[in-house]
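This report examines the helices, salt bridges and nonpolar core of one protein. The sequence and the structure are shown first.

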Amino acid sequence: MEQLKQLLTSSDWAAKKAELAIKLTEDFKSGQLSSDEYKELLEDLKRTDNLNLQAEDLEIKVKCLN
């Protein structure tokens with residue numbers, strides 16, 4: 001958790017991800033999320049990053065073709 005809090009002061013991207021991860025962790029600890037929901041939402045954070053990178057790659061490729 002401390003590492004996530006340190007990320008809050010780093011890049012905008014890292015800060016947003018850290019903020020979301022902290023919120024999810026707090027919701028899990030308070031009982032607002034089940035273990036399965038918590039794990040799935042954390043995986044979604046990872047998948048979102050992967051999809052964003054793929055979209056950026058595709059955008060670069062399209063621009064290079066024009």
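## Basis and confidence

Helices are here DSSP runs of H or I with at least four residues, numbered from the N terminus. The model is a predicted one. Its mean pLDDT is 83, and 83% of the residues reach 70 or more. Confidence varies among the elements: helix α1 (residues 2-7) has the lowest mean pLDDT, 63, whereas α2 has the highest, 88.

## Helix α2

The length of α2 can be compared with the expected value. For its 18 residues, a rise of 1.5 Å a residue gives a span of 26 Å, and the end C-alpha atoms are indeed 26 Å apart, so the two agree. Just after α2, glycine 31 adopts a positive phi of about 90°.

The buried residues of α2 include Ala14, Ala15, Ala18, Ala21, Ile22 and Leu24, and also the polar or charged residues Lys17, Thr25 and Asp27. Lysine 17, which lies in this helix, has a relative accessibility of 18% and therefore counts as buried, the cut-off being under 20%. Leaving aside residues up to four places away in sequence, lysine 17 touches Leu45, Thr48 and Asp49.

## Salt bridges

Side chains of opposite charge can pair when their charged atoms come close. With a limit of 4 Å between a side-chain nitrogen of Lys or Arg and a carboxyl oxygen of Asp or Glu, the model has four salt bridges.

Within α2, the side chains of aspartate 27 and lysine 23 form a salt bridge with an N to O distance of 2.9 Å. The two residues are four apart in helix α2 (residues 12-29), so about one helical turn separates them. An α-helix has 3.6 residues a turn, so residues three or four places apart point the same way. The partners differ in exposure: aspartate 27 is buried, at 14% relative accessible area, while lysine 23 is partly exposed, at 43%.

A second pair, glutamate 43 and lysine 46, has its closest N and O atoms 3.0 Å apart. Both residues belong to helix α3 (residues 35-65) and lie three residues apart, about one turn of the helix. Glutamate 43 is partly exposed, with a relative accessible area of 33%, whereas lysine 46 counts as exposed at 53%.

Glutamate 40 and arginine 47 are also joined by a salt bridge, at 3.2 Å from N to O. Glutamate 40 has a relative accessibility of 40% and counts as partly exposed; arginine 47 is partly exposed as well, at 39%. Together with Asp44, these two residues are linked in a network of salt bridges.

## Nonpolar core

In soluble globular proteins, nonpolar side chains tend to be buried together. In this model the largest nonpolar core has five residues: Ala21, Leu24, Leu33, Tyr38 and Leu45. Helices α2 and α3 each supply at least two residues of this core.

Leucine 33, a member of the core, touches Leu24, Asp27, Phe28, Tyr38 and Leu41 when residues up to four places away in sequence are not counted. Among these contacts is Asp27, the buried partner in the salt bridge with lysine 23. Leu45, another core member, is one of the residues touched by lysine 17.

Conventions:
Residues are numbered from 1 along each chain as its sequence is written. This is a predicted model: local features need pLDDT of at least 70, side-chain atom pairs count only at pLDDT 80 or more; totals for chains, interfaces and linings use all residues. Side-chain values use heavy atoms; hydrogens and water are left out. Buried means under 20% relative accessible area, exposed over 50%, partly exposed in between (1.4 Å probe, protein chains only). The expected span of a helix is 1.5 Å times one less than its number of residues. pLDDT is the predictor's confidence in each residue, from 0 to 100. Contact means heavy atoms within 4.5 Å. A nonpolar core is a set of buried Ala, Val, Leu, Ile, Met, Phe, Trp, Tyr and Cys residues joined through side-chain atoms within 4.5 Å.
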